[in-house]
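Trainee: Could you show me how to read a model like this, one feature after another?

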Amino acid sequence: MTTASSPPLVLCISGHDPGGGAGLQADIEAVGAQGAHALGVITALTVQDTRNVRRVEPVAIDIFADQLELLLADSRIAAIKLGLLGSTAQVPVILDAIARCRVPVVLDPVLRAGGGGTLAADATARAIADRLLPAATIATPNADEARRLSGEPTPAAAAARLLATGCEQLLITGGDEATTEVENRWYHRDGREILFRWPRLPQGFHGAGCTLASALAARLALGEAMNVALDRAQRYVHTCLERALQPGRGRAIPGRW
Ligand code: PLP
């Protein structure tokens with residue numbers, strides 16, 4: 001007789017991208033590649049391609065809450081990854097799940113697609129900043145999202161504001177900035193900072209942010225310290241971008257195997 005066992009479980013609460021570049025599919029692939037297992041609760045269906053997002057349709061709150069209820073009763077979660085939010089009504093349900101699991105929470109505060117389409121209305125962005133950020137262990141906004149969440153123009157000023165009212169740690173990613181290298185800045189509320197620099201690859205990517213946040217959640221689920229998890233998750237994303245796929249006419253998507 002064999003005894004079934006499980007790798008660490010990462011609860012991914014994310015949107016669905018039918019093209020498989022971003023959202024829950026990115027999470028499942030990235031979490032699996034770290035040696036953990038993803039549980040997936042969908043916040044919203046989207047209509048999008050590799051160029052841009054056309055439509056976001058939230059999942060009904062009762063089925064969203066029911067799915068979480070059953071999963072939490074059945075499985076022992078080791079980390080939570082939060083991606084695209086479907087509606088502000090989902091926020092208290094997510095906060096309840098976080099309170100019950102008491103595990104590291106990685107929040108990717110998705111506001112806008114790389115193609116420019118809106119993924120979160122102003123009320124949703126406010127709910128992320130005011131209610132989800134304080135419940136996260138680490139948030140991974142890109143530079144544009146950090147500006148929008150904080151109202152501050154620079155990563156340092158944005159970090160000061162978001163850490164004062166929100167999460168304990170932040171990784172502000174710079175893939176969306178016009179710098180020669182990609183500069184990702186980690187900030188801890190206790191004042192520590194690390195600047196990570198990565199070579200900038202020539203093409204545009206779709207789904208890199210989801211890949212990073214879910215790989216980081218998986219590494220934390222495996223029990224790694226934050227500095228180790230940050231280093232390995234970023235290395236993994238860089239490798240995925242070096243072997244990116246071109247499934248459509250727009251941006252490339254990470255090769256997450
Ligand atoms: N669609 C979904 C479901 C997402 O979660 C995200 C980002 O997290 C996007 C689209 C946009 O991804 P990108 O900005 O990489 O195009």
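**Reading one residue, a sheet and a helix pair**

Mentor: Start with Trp198, which touches Glu181, Val182, Gln234 and His238 (C-beta atoms, placed from the backbone, within 7 Å), leaving aside residues up to four places away in sequence. This is a predicted model: local features need pLDDT of at least 70, side-chain atom pairs count only at pLDDT 80 or more, and totals for chains, interfaces and linings use all residues. Residues are numbered from 1 along each chain as its sequence is written.

Trainee: Is Trp198 buried or exposed?

Mentor: Trp198 is partly exposed because 17 other C-beta atoms lie within 10 Å (20 or more is buried, 12 or fewer exposed). Trp198 sits in strand E9, residues 193–199 (strands are DSSP runs of at least two residues, helices of at least four). Arg235 is 37 residues from Trp198 in sequence, yet their C-alpha atoms are 8.9 Å apart.

Trainee: In what order do the strands of the sheet run?

Mentor: Strands of a sheet pair through backbone hydrogen bonds, either parallel or antiparallel. Here nine strands form an open sheet, E3-E2-E1-E4-E5-E6-E7-E8-E9, with mixed pairing (at least two DSSP bridges per pair). E3 (53–58) and E9 are at the edges with a single partner strand each, so one side of each has no neighbour in the sheet. E2 (residues 37–48) pairs antiparallel with E3 over five bridges, and Leu45 has Glu57 in E3 as its bridge partner.

Trainee: At what angle do H1 and H7 pack?

Mentor: Two packed helices are described by the angle and the distance between their axes. H1 (residues 23–33) and H7 (residues 208–221) pack at about 40 degrees, axes 8 Å apart (lines fitted to C-alpha atoms over the stretch in contact; angles run from 0 to 180 degrees between N-to-C directions). The contact includes Ala26 and Ala30 of H1 and Ser214 and Ala218 of H7.

Definitions and conventions. Two residues are in contact if their C-beta atoms, placed from the backbone, lie within 7 Å.
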